[in-house]
Amino acid sequence: METLVDSPVPGEAQRSGVAPKKDTGDTGAIRGRPSILALFQDIVAAFKAPGFWLYGAWIDTSLRHRSQALGAFWMVFGTLSFVLLLGTLYSRVLLRPGADSQIYYAHIATGFVLWIFIQQSLQQSSNIYKKNRDMIQNGYVKYVDYVLRLFSAHLISLAYNLLIIVGAILLTPVHVTAADFALILTVPLVFLAVLGVCFLLSVVGARYPDIGELMRSVLRLFFFITPIIWMPSMGKGAAVGAFIYLNPFYYLIEIIRGPLVYGVVPWFEIGVVAGALPIIWVLAALAYARAKPYVALWI
Amino acid sequence: MSSSICAQNMHFSIPTATRIDKSLRRNPISALRSLVTSGKSRRFKPLLHGMSFEFCAGDRVGLIGQNGAGKTTLLRLLAGVLVPSEGRLEISGVTQNLLNVSMGMQSDATGLENIYLRGYSAGLSGQEIKRRIPEILEFSELEPVIHDPVRTYSSGMQMRLAFAVATSVKPEILLLDEWISAGDRFFVERSKERLLSHIDASEILVFASHSPQTLKELCSRGLVLKSGTVVFNGDIEAALEFYESDEYQAIELPARGGNRKSER
């Protein structure tokens, strides 16, 4: 007889009827929490087997523009018309007479292209696990892959949009200077910072669905707060300085735009991003390790 | 290498916080508090308690139990989607779950692209996928339409494709849910042989089903569940007999069966 539950003896049944109350305490917390290194271990694993997220990123990009005559160049055309129209209008509205309006095109092109990349990555990572609920519930639990898939899809878009930056630099009198060597340092810094925040948001957004909506509003606001369509030199007074220097997006955009468009290496801004990087990644690693066993339950 | 699954006094609970509890709008104070406290104040609803079992290579295990007995939860734990709250669960061996074959299909992508996507998500390399394609096409009979988007396929064709891709990877531990009995008769007949060889190639099968025939056919052992507890663990015939007897209905389990011993 291999029955595992013996027929309840009256006395025992009574006892076990009472017992439940005693231990409904906090014994339910999931044990064996992953180590703080879980995020980094999972990222290493994801880079060892990049098939799914790389192919997924390519498929996502390809599908978005399939069966369109212009295909992926819609991305470029959307951005291009934005840069041309806003550049033409605001260079007349915002710039002082006699100011160099041509460099303004390069300014807005670089800022806007980077902004799209940052905004899309952050926005979509806050509900990335919910979007992939079906796959997660059915056993594909390499959470890092979903974020990397999204991030690399946006990198592909960014690569297309680079055409606009290149065009703006060629057509406007922006000089290629020695400062451009700083891009070797600053571009990876921006990517790492954005990726770190993506991981953080993906986890926090899975736990608190409100984050997705919050990000939508906040990012819309920051598009106007951040010097993308305006230039820091246009503002006057300390209040404008606060909008610039307390704004994380300013640093991310400036460390690429500074060397590229203005030929200066913004060491202070680079320092800020480099200093924030470890903080972002430690927070992301902590949140990821804490959340990993629960993600499937939250979404 | 021989695979095994070993669970010792495994519990699984879910936090009972609902969407409403967490909503800032309805309940701002508790939502903020839950941000700060590390979860001590949360309550948990136990779904599985005190499960112990050991499956070794060669075992064909049927999970039997009424709806809500914890079959799917157990499969999700075995699949690694969920993590036990307490106790131990050790799984050694490459696990594949066919809880839902058509997971992750992109309906706008072509059949071929979906083969790659699914192949990669099963952990294959590009080379390995390429090698499997002829055989997948042969089984699914989709060669003429493989460059069309999957959304233009009939549901039967989609099922065949998903099934062909899923069964082209040979795992050591195979988790199967009810779905195989779904699908039209034609598909079931056609796929049966392929599924059986797929099962044969695996070392351990864990199969959740309500159908006694299928269970008898596929399984050698039965694990009968009731309210998240293992109430019977043994030969499949005896397990089914136990499940259908009045004894199963008569078992009354306490709300939490934490201390219950269940050894083989």
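A residue counts as buried if 20 or more other C-beta atoms lie within 10 Å of its own. By that rule, 38% of the 299 residues of chain A are buried. The model is predicted, and confidence is part of the picture. Chain A has a mean pLDDT of 83, with 89% of its residues at 70 or more. Residues 1-29 of chain A are a low-confidence stretch: pLDDT stays under 50 there. For this stretch the model has 33 contacts beyond four places in sequence.

Chain A has 14 helices and 0 strands. Read along the sequence, one α follows another from start to end. What share of its contacts with a separation of 6 or more joins residues 24 or more positions apart? The share is 81%.

One helix pair in chain A can be followed in detail. Helix α9 of chain A spans residues 183-207, and helix α10 of chain A spans residues 210-225. Their axes come within 7 Å and cross at roughly 125°. An angle between 115 and 145 degrees falls in the oblique class, so α9(A) and α10(A) are oblique to each other. On the α9(A) side, the meeting residues are A:L201, A:V204 and A:G205. On the α10(A) side, they are A:I211, A:G212 and A:M215. By class, this contact has 4 nonpolar, 2 polar and no charged residues.

Now turn to chain B. Its domain assignment gives two parts: domain 1 covers 4-93 + 210-250, and domain 2 covers 111-202. Where they touch, 11 residues of domain 1 of chain B are in contact with 7 residues of domain 2 of chain B. On the domain 1 side, α3 (71-79) and α8 (212-218) of chain B each supply at least two residues. The largest share of that side comes from α3(B), with 4 residues. By class, the domain 1 side has 6 nonpolar, 5 polar and no charged residues.

Two residues of chain B deserve a look at their backbone. B:N9 has phi near 45°, a positive value in a residue other than glycine. B:N9 is found in strand β1 (residues 4-15) of chain B. Is B:N9 buried or partly exposed? It has 17 other C-beta atoms within 10 Å, so B:N9 is partly exposed.

B:E141 also has a positive phi, of about 55°, although it is not a glycine. B:E141 is found in the loop between α5 (126-140) and α6 (155-166) of chain B. With 13 other C-beta atoms within 10 Å, B:E141 is partly exposed.

Key
Residues numbered from 1 in each chain as written. Chains lettered and ligands numbered in written order. Predicted model: local features only at pLDDT ≥ 70, side-chain atom pairs only at ≥ 80, totals over all residues. Axes fitted to C-alpha atoms, helices over the stretch in contact; angles between N-to-C directions. Parallel < 35°, antiparallel > 145°, perpendicular 65-115°, else oblique. Contact = placed C-beta atoms within 7 Å. Nonpolar A, V, L, I, M, F, W, Y, C, P; charged D, E, K, R; others polar. Domains from an automatic or database assignment. Buried ≥ 20, exposed ≤ 12 C-beta atoms within 10 Å, placed from the backbone. pLDDT = per-residue confidence, 0-100.
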